[in-house]
Amino acid sequence: MTKSRITRRGALKASLMTATLAGTASFFGPWKHNRVWAQGKKPIKLGLTCDASGQYGNSGQDDMRGMRLAIDEFNAKGGVLGRKVEWITADTETNPATGTRVAERFIAQEQCGFLLGAIHSGVANAITQVANKYGTIYMNTNSSAPSEAGENCSRVKFVWDGNGTNFSKAAVANAVQKIGKKWLLLTNDYVWGHTTAAATKAEVEKAGGQIVDNLLVPQNTRDFTAYLLKVQQIKPDVIAMAIGGDDIKALRQQIADLKLEDKAAWINNQQDWPDIWGVPETLFGVFGTNWYHKLALPGVPEFVKRWQTTYPQSPIPVPGNVSYNGYMATRELLRVIEQVGSTNNIAIIKALEGRKMAAVDRMQTYDAYIDPVTHQIQQTIYLAKRNPKPADNTDLFEIISAATPEQAIDTASLTTCKLKAYTDIPTYEQ
Amino acid sequence: MSIVGLLPHLVNGLALGLLFALLALGFMLILGLMEQINLAHGSLFALGAYFAHAIATPRLPLPPDMLQVWAQVPLGWRFTAAMFLAPVLVAPFGVILERLMRRTYGRDPLYGLLLTFGAAMVIEELIRIAWGTRDYMLPVPRGISGGFLMLDLIWSTYRFWAAGFAVIAMAVVWLVIERTRFGALVKAGAHDSEIVQALGHNLEKLRVWVFVLGTVMAAVAGVILAPIWGIRPHMGVDAVIPAFVIIVLGGVGSFWGAVLGGLLVGMVVGLSGAYASEWSMLSMYLLLILIVTFRSRGLFGKKSVLEA
Amino acid sequence: MRTGRTVPTLTPAMIAIWLAFATVPLWIEKVGLYQYLGVEILIFATYALAYNLVLGHSGLPSFGHGAFFGLGAYGFGLAQLNLVPDLWFCLAAAVVVASVGGALVAAFISHRRGIYYSLLTIAFGQVFWFIAIKSHAITGGEDGLLKIARLPARFGVATFDLTHNISLFYFVLAIFVVVSLLLWRLVHSPFGRILKAIKQNETRARFVGYDVWRFKAAVLVLSAGLSGLAGGLFAMAQSSAFPDVMSLHYSGYIVMMTLVGGGLVTFWGPVLGAIVFLLARDVIGAVTTGWMLWFGLLFVALVIHKPEGLGGMFIRPARPAPADAKK
């Protein structure tokens with residue numbers, strides 16, 4: 001939104017208002033602020049919409065650790081365009097209504113030029129609606145519902161995580177050939193689960209396999225007995241799970257307790273690091289991830305070291321995929337602002353679209369790019385299993401394969417995503 | 001679906017039902033004997049689970065050397081200690097809650113409900129402050145954990161132990177209510193408080209004891225169910241709603257109504273999980289609407305002040 | 001409704017409240033808040049007033065009102081996306097959908113009282129919430145029903161754009177004025193007096209010859225419809241509709257707002273409650289994620305010491321609190 005021309009009187013009034021605001025803000029707005037540069041150029045302000053409570057409270061905070069590291073690194077180098085990068089955060093509570101309110105507050109009141117962060121797709125969408133209205137660029141760091149870069153994509157939103165379809169593509173064909181054709185789906189009964197299950201089903205059938213049943217598990221299920229009995233009765237070759245958050249922790253625990261892990265091949269679509277940390281003894285089967293802190297790639301150990309130095313007190317001792325995505329989204333945004341030479345949203349969006357990111361730069365096996373059609377980051381997708389010979393107590397995964405972005409691409413989203421024209425986006429500069 | 005295929009799910013539903021009945025029992029005691037709705041029942045249940053975890057893992061706020069000694073004790077003993085000690089630790093919360101509720105006696109039962117709704121919020125937040133938002137698992141001693149083979153399927157051993165514990169706990173409550181002087185007094189008080197006072201008994205004290213019994217039962221259910229349902233701040237809310245549903249299904253004030261209500265809910269949840277997993281979340285509520293539409297006071301309900 | 005039958009259509013308090021709200025956009029940013037918060041507060045104030053029709057004025061403790069609010073939000077969004085994108089039509093759709101939901105629930109529960117009433121409203125609330133999540137093809141599940149536009153308000157020749165929060169605020173204020181006026185008249189009408197009679201003693205009301213069932217059903221449908229209207233406005237404010245507002249938590253919040261504000265003793269209590277609740281949530285919620293602890297303590301203290309709510313502190317109760325009326 002370009003502000004109208006400012007008259008001198010208006011400017012005076014505005015500065016008075018700012019003064020009043022600054023005074024009251026300390027009283028009414030006890031938001032976590034990071035004001036360092038008081039004078040000089042106006043800072044670039046980012047709004048971090050991270051859950052601190054609710055189903056994804058833990059993951060939201062890990063996401064934020066990644067973002068803050070990237071911001072700190074830029075500020076240490078003198079900021080972006082010679083301007084300090086400031087950030088502000090508030091708990092989005094894993095709740096869409098709260099997401100809307102926080103996004104409104106960050107854009108309208110706190111004058112944030114950019115929003116970053118989401119785990120839950122409902123919250124991500126609520127924030128996107130607000131961002132659309134103002135034309136504010138929004139980085140969906142970690143919500144991996146395929147609909148995020150499909151039917152619910154947006155010109156102002158960029159999606160940084162791999163989605164359910166990507167992981168299915170990477171895992172399924174191989175498993176049908178090597179393990180067996182009789183597949184059972186165990187699906188969390190919500191959008192991410194459904195779309196992921198549909199993607200898995202398509203891949204299984206394409207590879208010549210067969211889905212014998214799809215058991216829908218309500219969100220927040222802790223007692224999986226009824227499902228596990230049913231699984232035993234069906235006797236499938238492969239069980240493909242799309243179970244998220246703390247639910248998968250409980251399920252793993254119960255499968256391990258009953259020693260069912262060897263009765264069939266278990267595939268978990270995507271295993272977020274914060275969801276496995278703390279219960280490593282229950283890790284089994286094959287699962288997907290887009291990054292791991294012990295990948296044998298250049299830059300990885302240095303990154304982990306930097307992260308750990310910054311967060312010596314972190315409840316999770318090493319960065320995982322969630323923190324990684326937060327970091328990468330923030331870093332790339334700030335780089336693009338620097339490169340474009342302004343904070344003009346349209347210019348930044350255009351620069352992000354189709355942007356290529358070298359493998360070595362992103363600490364992944366293959367080069368990645370931002371899909372100009374869907375705004376999803378097309379990247380390396382890894383499959384992993386429990387590490388039988390861990391180097392230390394954080395070394396839980398053994399990476400067993402890496403799919404290229406082309407192998408894992410979600411082709412359906414290319415047709416379901418319809419982006420608005422640039423001219424329909426309100427423009428702003430911060 | 002064949003009978004052979006159905007059987008495991010019936011067995012599972014039965015075990016689950018006993019656990020649900022246990023969960024609802026403390027709630028029923030306070031409701032049936034005091035005509036007070038304790039929405040904080042779930043929070044007391046959660047506290048039971050958290051305290052049990054603190055005792056068993058062990059994370060007690062004790063001096064490190066004492067803690068070390070306790071950690072050397074076999075898990076079986078620690079688990080047993082948790083089962084008996086955690087409810088004792090939760091009991092004071094019940095006493096406090098009863099004191100607060102006293103102000104609402106004689107008023108519309110809605111106020112008791114609202115008070116305990118607020119108390120539930122407060123306890124849940126206190127749990128978040130004390131233990132954080134993460135999930136915990138209560139470890140089960142090796143002897144009663146793991147799986148065993150039955151009907152050609154692997155079953156969770158602890159589930160059956162838990163159902164057994166539930167039966168014992170319920171039997172104890174039944175004996176206390178039906179076979180002791182205390183029980184007789186309490187029951188009399190529920191129907192006519194003046195008689196009890198005329199007989200020279202302190203009704204206030206009696207009420208505290210009923211509340212403590214309800215609280216202890218909530219905590220016991222929390223300990224027994226923790227290894228199955230996990231431990232997290234939100235577990236109280238997740239537990240109080242089924243308890244509520246079961247009581248209304250079974251009929252307010254009826255011991256056997258609560259047991260039967262619990263079994264019915266367990267069956268419906270177990271069977272729908274296996275055969276209509278899409279509906280499992282809703283099954284409990286549909287059952288409630290169905291039964292209460294045809295039997296307005298539930299299966300064994302009597303008329304109570306709560307309808308006013 | 002102190003003594004006589006005639007209650008003025010407009011009261012000074014009413015006008016003062018409307019005018020006070022009208023000034024909000026002028027200063028809200030200066031005190032460190034933001035325009036959208038004003039919109040949200042006004043929507044929830046409308047919702048709370050509508051809810052209090054059942055709780056405060058009829059003594060029916062519904063714990064599943066979020067369902068109606070959510071039905072309104074979906075009704076608004078679906079009418080806009082699939083039928084006619086016209087503001088008036090969509091708001092009417094919100095009211096109708098929520099009223100139909102209300103009528104369905106009313107058919108099952110209107111012969112109920114007290115806690116049984118609460119329980120069944122919880123059960124129905126859960127059923128609606130669950131259906132909203134499950135009907136992914138229609139509602140978008142927890143992804144939400146997105147791309148709901150803030151439609152322009154057409155008044156014959158003049159058309160107002162509501163895209164901006166300030167213009168939306170004044171539109172919501174206009175609805176709030178209409179709803180509050182309507183409810184004020186209603187509770188002071190013969191219909192309202194019957195509701196009060198039912199609240200005080202249902203059996204007696206029945207003996208006197210009122211068809212209690214019909215009145216209880218009517219009041220629930222009416223309250224559901226107006227809650228749906230508020231839900232429609234919320235869908236517009238959020239530019240989307242999500243199932244979360246139908247959850248038990250949100251249904252509980254509206255009960256808390258209404259009670260904290262003093263809905264049981266004053267007509268305007270729910271408005272005060274909505275303001276206190278949402279401001280506390282925004283301001284305390286910014287300092288600590290445990291804001292519910294403080295709000296819960298406040299709530300407990302109120303139930304114990306001041307069951308008539310905050311509103312009860314400012315006015316001498318015009319009518320006795322139901323607590324005392326009971327026994």
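Reader: How many helices and strands does chain C have?

Author: In this predicted model, chain C contains 15 helices and 2 strands.

Reader: How does its radius of gyration fit the globule rule?

Author: The radius of gyration of chain C is 19 Å, and the globule rule gives 20 Å for 327 residues, so chain C is as compact as a globular protein of that length. The C-alpha trace of chain C spans about 50 × 45 × 45 Å along its principal axes.

Reader: What percentage of chain C is buried?

Author: Of the 327 residues in chain C, 57% are buried.

Reader: And what about contacts between residues at least 24 apart in chain C?

Author: They make up 74% of the contacts in chain C between residues at least 6 apart in sequence.

Reader: Let us look at one helix. What is the span of α10 in chain C?

Author: Helix α10 of chain C covers residues 212-238, which is 27 residues. From its first C-alpha to its last it reaches 38 Å, close to the 39 Å expected at 1.5 Å a residue.

Reader: Is α10(C) enclosed or open?

Author: Of the 27 residues of α10(C), 22 are buried, so this helix is largely enclosed by the rest of the structure.

Reader: What comes just after α10(C)?

Author: The residue C:S239 comes just after the helix, and it takes a positive phi of about 55°.

Reader: Which way do residues three or four places apart point in an α-helix, and why?

Author: They point the same way, because an α-helix has 3.6 residues a turn.

Reader: Now the interfaces. How many residues are in the contact of chain C with chain A?

Author: Chain C gives 28 residues to that contact, and chain A gives 35 residues. On the side of chain C that touches chain A, α2 (35-55) and α12 (269-287) each supply at least two residues. The largest share of that side, 4 residues, comes from α12(C).

Reader: How does that side of chain C divide into nonpolar, polar and charged residues?

Author: The side of chain C that touches chain A has 11 nonpolar, 11 polar and 6 charged residues.

Reader: What about chain B and chain A? How many residues are in contact there?

Author: There, 27 residues of chain B are in contact with 26 residues of chain A. Several elements of chain B each supply at least two residues to its side, including α1 (3-34), β2 (153-156) and α9 (203-229). The largest share of this side comes from α1(B), with 4 residues. By class, the side of chain B that touches chain A has 8 nonpolar, 13 polar and 6 charged residues.

Reader: What is chain B itself made of?

Author: Chain B has 12 helices and 2 strands. Five α elements come at the N-terminal end of the order, then β-β, and α elements follow to the end.

Reader: What is the radius of gyration of chain B, and what would a compact globule have?

Author: Chain B has a radius of gyration of 20 Å, which agrees with the value near 19 Å for a compact globule with 308 residues. Its C-alpha trace spans about 60 × 60 × 35 Å along the principal axes. Buried residues make up 52% of chain B.

Reader: On to chain A. Which domains is it divided into?

Author: Chain A is divided into domain 1 (31-162 + 299-379 + 419-424) and domain 2 (164-295 + 380-412). The centres of these two domains of chain A are separated by 27 Å, taken over C-alpha atoms. Their contact takes 30 residues from domain 1 of chain A and 28 residues from domain 2 of chain A.

Reader: Which elements give two or more residues to the domain 1 side?

Author: They are α2 (57-76), α10 (300-310) and α11 (321-340) of chain A. By class, that side of domain 1 has 14 nonpolar, 14 polar and 2 charged residues.

Reader: Which strands of chain A does β14 pair with?

Author: Strand β14 (residues 381-386) of chain A runs antiparallel to β10 (residues 286-289) of chain A, with 4 bridges joining them. Strand β14(A) also pairs with β15 (residues 397-403) of chain A in the antiparallel sense, over 6 bridges. The residue A:A384 in β14(A) stands opposite A:F287, and in β15(A) its bridge partner is A:I399.

Reader: And is β6 of chain A mostly covered or uncovered?

Author: Strand β6 (residues 182-188) of chain A is mostly covered, with 6 of its 7 residues buried. It pairs with β7 (residues 210-217) of chain A in the parallel sense over 7 bridges, and A:W183 stands opposite A:I211 in β7(A).

Key: Residues are numbered from 1 along each chain as its sequence is written. Chains are lettered from A and ligands numbered from 1 in the order in which they are written. This is a predicted model: local features need pLDDT of at least 70, side-chain atom pairs count only at pLDDT 80 or more; totals for chains, interfaces and linings use all residues. Domain bounds come from an automatic or database domain assignment. Two residues are in contact if their C-beta atoms, placed from the backbone, lie within 7 Å. Ala, Val, Leu, Ile, Met, Phe, Trp, Tyr, Cys and Pro count as nonpolar, Asp, Glu, Lys and Arg as charged, and the others, Gly among them, as polar. The radius of gyration is taken over C-alpha atoms; the globule rule is 2.2 Å times the number of residues to the power 0.38. A residue is buried if 20 or more other C-beta atoms lie within 10 Å of its own, exposed if 12 or fewer, and partly exposed in between; C-beta atoms are placed from the backbone. Two strands pair if DSSP finds at least two bridges between them. The expected span of a helix is 1.5 Å times one less than its number of residues.
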